[in-house]
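Student: Could you take me through one part of this model closely, setting it in the context of the chains around it?

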Amino acid sequence: MILNIDPAVVDWSRAQFALTAIYHWLFVPLTLGLSFLVAIMETLYVKTGDPEWKRITKFWMTLFGINFAIGVATGIILEFEFGTNWSNYSWFVGDIFGAPLAIEGIMAFFLESTFIAIMFFGWNKVSKKFHLASSWLTAIGANLSALWILVANSWMQYPVGMKFNPETARNEMQNFWDVLFSPVAVHKFLHTISAGYVTAAIFILGISAWFLLKKRETGLARKSILVAAIFGLITSLFLAITGDGSAFTVAQKQPMKLAAMEGLYKGQRSNGLVLFGIPQPGKKAGDGQNNFALKVEIPGMLSILGYRNVNAFVPGVEDLLNGGFKPEFQNVSPAETETALPISEKIVRGKLAITAFGDLKKARKAGDEVAAAKADSAMKSNFAYFGYGYLKTPEEALPNVPLTFYSFRSMVILGFYFILLFILVLYFHSKNQLQDKRWLLRLMLWTIPLVYLAGQAGWIVAELGRQPWVIQDLLPTRAAVSMIETASVQITFVLFAVLFTALLIAEVMIMTKQIKLGPKDGGTK
Amino acid sequence: MFESLSLLTLQQYWFMIVSLLGALLVFLMFVQGGQTLIFQLGKTETEKKILINSLGRKWEFTFTTLVTFGGAFFASFPLFYSTSFGGAYWVWIAILFCFIIQAVSYEFRSKPNNFLGQKTYEIFLFINGALGTILIGAAVSTFFTGSQFSIQKANLAEYANPVISQWQGPAHGLEAVLNWHNVALGLAVFFLARILGTLYFMNTVDDKNILGRAKRQLLINAGPFLVFFLAYVIALILSKGFAVDPSSGMVTMEDFKYLHNLLAMPLVLILFLLGVLLVLWGIIRPLWKFDQCASKGIWFAGIGTVLTVFSLFLLAGFNNTAYYPSTYDLQSSLTIMNSSSSHYTLTAMSYVSLLVPFVLAYIWYAWWSLNRKKIDAAEMESDEHAY
């Protein structure tokens, strides 16, 4: 007996996964960056022998510890939710997706959890150098874990190095290195960890600024600011470069996401980049309305950023919906590319692939090799559109354009603002005027929430911008879920929401208390 | 090197790795067992603090082993991951809940302004220790008792419902605790974890009052552990099992299947008996010669636990046995042959597994560095990062 999948279970499963991911990403970026900053500060202590650096290291390490545990707690839920809520996904691509998760455990988590214990409890038990090495190994462990989970995520956005096996009804890995070194993976990893570094740098700047505003711990604050601002400036520039690289891979591999990021409905050659804009509320693909109520754009810039060619054609949402244009890929001559199909046609081809898969299974069972060969060939020639077969209408293939557009704008604008902030801080620090610039100190403090906003906005672009796909073009969310009652997921959603929120409140309360107590009492109570 | 191995050999290799991780996890659940003893062994704040801190330096190993166990199972046997996690939803979610509340409790417990209060975090630790161990034990027991699910790979061609693994019955995993076999294993794991927790304290804590109470707890928990464990093992040996025909893949019920497995795999039998003896030795020696042997009990009982659990996993999956059987549709049962990753993926993962000895070596070194001196009240006073 086969009951139909309730669309509500898909929505609630998505909501639950998004909830977990959002909370996870509130804690992890700080862990990624602060682990390195603490290691750098401890290195300064070991190099100079100055006990003040030890005090500074220990202060930030206390805050690191408070934040670390809750990132771990939300992380385990994410890993297991692939199974609990996305059962079909887990089988359909488990042969590729499981490996990075296992490697993450073996290579990164043990490194992190072993040496973090030395970091916290080893001060008087191991040598200075061993302790320092432990701090660095904890940071490397945390960042290695980011590598593997981002490789896994990138593979969902750009599935490479695999082949569908109808016998097992799943995709199977053909080339591990293609998965690990796909351009999407490389850019996503570098961009995401740099975002973590910038988050931690701003966290330190903000709290140090608070000490300066209160005229407390000025020595600690000034030293911390110098380290964080230099680290922040370098990594924020790197963040911009890798952001450009990421956007370029999106243009090449996920053109629909790029169109949503830009609020672009009708593309053109030498397309402009919207600097500021307000998308027309209620705009739908093909309704003939202007897509922006207001916009300021840089001519030709989107073609340059997305295709490294000022004359390149950038397809918009409607172009992708209706097809009929020639996609322009880097290093591929136009003669070799095929005219894009309309999504309605992709749905037809997807259904052909899925039906052929079913026929193949039946033919193999019946031992009819002729029919099996025919079905196999039909399946292979349409497999690139497999996931489209599960869609009911072409519009289902469109992401939420305004949300993606605004999130992308927020992230980019904030990113450039952070660079400016680091420059300003370094300038006034070098002039020894920082403590007098109270407006700047306040700005530093209030930038802490903004850096979290930027990080969340980035993930909204990455994950909502690729909807409806769990695996780009191969599996939409509706075909990836577990067969459970909607009510069950609703209950667990509420339970997770309440628990995570309570833990977040606890973390913020503990953290602010520890900051107010300052380094002398840091972690002793 | 691994490329030339057959698919079956790789499947067996990975089932052994997953089994080893599972076995290490049960040993490391001394942290969970210890958490349920905090109130019984620690009567003053300082004593409680000593106990929590001695566990607080190890909890992450247990947690990481659980995560790695999940990851390795996903990578090597993804059909288990999709079927069990997506089907027995409520059991796994309950287990996850027990672990979220643990992860923050050590760090938050004694910090000022911690929102929920110190007592709440201590109760979180207790819930993790009690419910976490019982539920994991009950979930693993379904490897022998079976669950109700069906697997139809051709479902992928059904547009309206392409889900391959479907759980049958509304309880979504909670039915596992209605079977007395599963509950018995759950309780055996719970009492074993408490025994291991007690032995761990004897190894790491230097406090007369705590050690005196620990000795009593060892005796108190040994009784129920033996009752539940022996009841489970005897029932298992006498029960029918899920046999697989290696050529056709057909699953049938076989009388005394697990007894047959033990006899067919003498090495597993030896490991199992040796494991049980070591656990008993680890319990009896400290009771008998406390002063000389108390701190060594954990090593005997710990190694014994690893051997016993490892051999139980092999009993479930080796010698042509379905390790995750379906009582709803026998032919949907999971075997190491029909649920694994591809030859390519298992090969790639096998290279990664070469890191495991290296990981074990640095864990051992770090552990040794921190444990050279026992934890006492004086250290709790002076340690700045004490929980």
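Tutor: Chain A has 16 helices and six strands, and what follows for both chains rests on a predicted model. A compact globule of 525 residues would have a radius of gyration near 24 Å, and the 25 Å of chain A agrees with that. Along its principal axes the C-alpha trace of chain A spans about 80 × 50 × 45 Å, and buried residues make up 54% of its 525 residues. When contacts in chain A between residues at least 6 apart in sequence are considered, 75% join residues at least 24 apart.

Chain B, which holds the part to be examined, has a secondary structure of 17 helices and four strands. Its radius of gyration is 22 Å, close to the 21 Å that the globule rule gives for 387 residues, so chain B is as compact as a globular protein of that length. The C-alpha atoms of chain B fill a box of roughly 65 × 45 × 45 Å along the principal axes, and 56% of its 387 residues count as buried. Among contacts in chain B between residues at least 6 apart in sequence, 76% join residues at least 24 apart.

The contact between the two chains takes 74 residues from chain A and 67 residues from chain B. On the chain B side, at least two residues each come from helix 5 (59–76), helix 6 (78–87), helix 7 (89–109), strand 2 (165–167), helix 15 (343–353) and helix 16 (356–371). Helix 5 of chain B gives the most to this side, with 11 residues, and by class the residues of chain B that touch chain A divide into 42 nonpolar, 17 polar and eight charged.

Now for the close look, which centres on helix 8 of chain B, residues 118–145. Helix 7 of chain B, one of the elements that supply residues to the side touching chain A, packs against helix 8 of chain B at an angle of about 145°, with the axes 8 Å apart, and passes helix 8 in a left-handed crossing. Residues of helix 7 including Val91(B), Ile95(B), Phe99(B) and Arg109(B) meet a set in helix 8 that includes Gln118(B), Tyr121(B), Leu125(B) and Ala139(B). By class, this contact has 15 nonpolar, five polar and two charged residues.

Helix 8 of chain B also packs with helix 9 of chain B, residues 180–204, at an angle of about 135° and with the axes 7 Å apart, which makes helix 8 oblique to helix 9. Here the crossing of helix 8 past helix 9 in chain B is right-handed. From helix 8 of chain B come, among others, Ala130(B), Ile134(B), Gly137(B) and Thr145(B), and they meet residues of helix 9 of chain B that include His181(B), Leu185(B), Val189(B) and Ala193(B). The contact of helix 8 with helix 9 in chain B has 13 nonpolar, eight polar and no charged residues. Leu135(B) and Ile136(B) appear in the helix 8 set that meets helix 7, and both also appear in the helix 8 set that meets helix 9.

Finally, Thr120(B) is found in helix 8 of chain B. Thr120(B) has 17 other C-beta atoms within 10 Å, so it counts as partly exposed. From Thr120(B) to Gln12(B) there are 108 residues in sequence and 44 Å in space, C-alpha to C-alpha.

Notes. Residues are numbered from 1 along each chain as its sequence is written. Chains are lettered from A and ligands numbered from 1 in the order in which they are written. This is a predicted model: local features need pLDDT of at least 70, side-chain atom pairs count only at pLDDT 80 or more; totals for chains, interfaces and linings use all residues. Two residues are in contact if their C-beta atoms, placed from the backbone, lie within 7 Å. Ala, Val, Leu, Ile, Met, Phe, Trp, Tyr, Cys and Pro count as nonpolar, Asp, Glu, Lys and Arg as charged, and the others, Gly among them, as polar. Axes are lines fitted to C-alpha atoms, for helices over the stretch in contact, and angles run from 0 to 180 degrees between N-to-C directions. A crossing is left-handed if the near helix is turned anticlockwise from the far one by less than a right angle, and right-handed if clockwise. The radius of gyration is taken over C-alpha atoms; the globule rule is 2.2 Å times the number of residues to the power 0.38. A residue is buried if 20 or more other C-beta atoms lie within 10 Å of its own, exposed if 12 or fewer, and partly exposed in between; C-beta atoms are placed from the backbone. Angles under 35 degrees count as roughly parallel, over 145 as roughly antiparallel, 65 to 115 as roughly perpendicular and the rest as oblique.
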